[in-house]
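Q: I should like to learn how to read a structure that I have not met before. Could the features be taken in turn, with the general idea before the particular case?

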There are 2 protein chains.
Amino acid sequence: MYDFDSNRPIYIQLMDHIKMQIVAGAFSAGSKLASVRDLASDFGVNPNTMQRALSELEREDLLFAQRTSGRFVTADQQKIDGLRKQLATEYVQQLLETMKRMGYGKKDLLSLIQSIMEEM
Amino acid sequence: MYDFDSNRPIYIQLMDHIKMQIVAGAFSAGSKLASVRDLASDFGVNPNTMQRALSELEREDLLFAQRTSGRFVTADQQKIDGLRKQLATEYVQQLLETMKRMGYGKKDLLSLIQSIMEEM
DNA sequence: AGTACTGTACTAATGACATGATACAATAAT
DNA sequence: ATTATTGTATCATGTCATTAGTACAGTACT
């Protein structure tokens, strides 16, 4: 089961989540994933939806499938590290732009971040 | 015209954008908006889609309509200020959680933010 | 040899989103 | 009074996401 945002396609959210697990090291490079059906069951979605998410991740060369033995995380650790850096940069850039549009200056933003960090 | 993300409903993106303009002060409290048809034309969407976005913002008490004279931003400046703070907090919290899931510690995150800030 | 599991493919049904095209009632402007 | 503009409502159509159900081909295991 999983908590989905109804305003975005589920397969996209699945992609994001799995991508996150890979870059965070929860799925290490080269390791084997559960089967499509099992993953679908874990997340409470239809196997077709999970299949779609995994296929897309395959097109991005993050996963690869072996027709009958299963699906695996890419063995290319450099690619994973690169993605981690890229995702982090994108997320931060997006936040900075959003905050800028709301009229937050750099100092305002930094102090807000500091105060929220302390609460966590 | 506007650059939409095809993975999210347009009316939601319109809501976000208009909300942002309000909290940023581009539309000041109590001021009048352009007509549904004009706004739809500006953003390159169907009037029905724009109508939907505006109706939703009305349900959130950010706008109010006067049946024949037009649509206006709420006159409640406190509500706008509160929303600004709320949105900013949510965005920052979300980033912090995401970065944490990717294995970024507080120091790593802060230095990444600093370096990206300097590029902008 | 046979069974179970793998990814993969296909069809059909449903619902949400978006667009196009009209139409109406109420008010402002002329 | 007439006209233009306002928000609003409705209907039809097309696309996409999601689910359900079924099926097939290849491999590992027993």
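The dialogue below treats the symmetry of the copies, the two DNA strands and one helix of this predicted model.

Q: How are two copies of a chain related in general, and by what turn can chain B be laid on chain A?
A: Two copies of a chain are related by a rotation about an axis and a shift along it. Here, a turn of 180° with a shift of 0.0 Å along the axis lays chain B on chain A, with an RMSD of 0.1 Å. The two copies are thus related as by a two-fold rotation axis.

Q: Which C-alpha of chain B is nearest the axis?
A: The C-alpha of Arg8(B) is the nearest in chain B, at 2.8 Å from the axis. The same surface serves both copies, as 100% of the contact residues of chain B recur in chain A.

Q: How many residues surround DNA strand C, and which are the closest?
A: One begins by listing the residues around a strand. For DNA strand C there are 21, and the closest are Arg71(A), Pro9(B), Ile10(B), Thr49(B) and Thr68(B). By class, this surface has 6 nonpolar, 9 polar and 6 charged residues.

Q: Which elements supply at least two residues each to the surface near DNA strand C?
A: Chain A provides helix H2 (36–43), helix H3 (47–59) and strand S2 (70–73), while chain B provides helix H1 (10–23) and helix H3 (47–59).

Q: Which parts of DNA strand C lie within 4 Å of the protein?
A: Here one separates sugar and phosphate from bases. Of the atoms of DNA strand C within 4 Å of the protein, 69% belong to sugar or phosphate, and the rest belong to bases. Individual atom pairs give further detail. An N or O atom in the side chain of Asn48(A) is 3.4 Å from a base nitrogen of DNA strand C. Polar backbone atoms of chain B also approach phosphate oxygens of this strand: that of Tyr11(B) at 3.5 Å, and that of Asn46(B) at 3.3 Å.

Q: How many residues surround DNA strand D, and which are the closest?
A: The second strand is read by the same steps. DNA strand D is surrounded by 20 residues, the closest being Pro9(A), Ile10(A), Thr49(A), Thr68(A) and Arg71(B). Sugar and phosphate make up 65% of the atoms of DNA strand D that come within 4 Å of the protein. The surface near this strand divides into 6 nonpolar, 9 polar and 5 charged residues, and its largest share, 3 residues, comes from H3(A).

Q: Which atoms of DNA strand D lie 3.5 Å from Arg37(A), 3.1 Å from Val36(B) and 3.2 Å from Gln51(B)?
A: For Arg37(A), a polar side-chain atom lies 3.5 Å from a base nitrogen of the strand. For Val36(B), a polar backbone atom is 3.1 Å from a phosphate oxygen. For Gln51(B), an N or O atom of the side chain is 3.2 Å from a phosphate oxygen.

Q: What span does helix H4 of chain B reach, and which residue caps its N-terminal end?
A: A helix may be read by its span, its ends and its buried residues. Helix H4 (residues 77–101) of chain B has 25 residues and reaches 36 Å from first C-alpha to last, close to the 36 Å expected at 1.5 Å a residue. Asp76(B) caps the N-terminal end, with a side-chain oxygen 3.1 Å from the backbone nitrogen of Gln78(B). Just after H4(B), Gly103(B) takes a positive phi of about 90°.

Q: Against which elements do the buried residues of H4(B) pack?
A: The buried residues of H4(B) include Ile80(B), Leu83(B), Leu87(B) and Val92(B). In chain A, the buried residues of H4(B) pack against H1, helix H4 (77–101) and helix H5 (106–118); in chain B, they pack against H1, S2 and helix H5 (106–118).

Terms used: Residues numbered from 1 in each chain as written. Chains lettered and ligands numbered in written order. Predicted model: local features only at pLDDT ≥ 70, side-chain atom pairs only at ≥ 80, totals over all residues. Heavy atoms only, no water. Least-squares fit on C-alpha atoms with pLDDT ≥ 70 in both. Contact = heavy atoms within 4.5 Å. Near = heavy atom within 4 Å. Polar contact = N/O pair within 3.5 Å; in protein donor to acceptor, adjacent residues only side chain to side chain. Helix = DSSP H or I, 4+ residues; strand = E, 2+ residues; numbered from the N terminus. Nonpolar A, V, L, I, M, F, W, Y, C, P; charged D, E, K, R; others polar. Expected span 1.5 Å × (residues − 1). Buried < 20%, exposed > 50% of the residue type's maximum accessible area, 1.4 Å probe, protein only.
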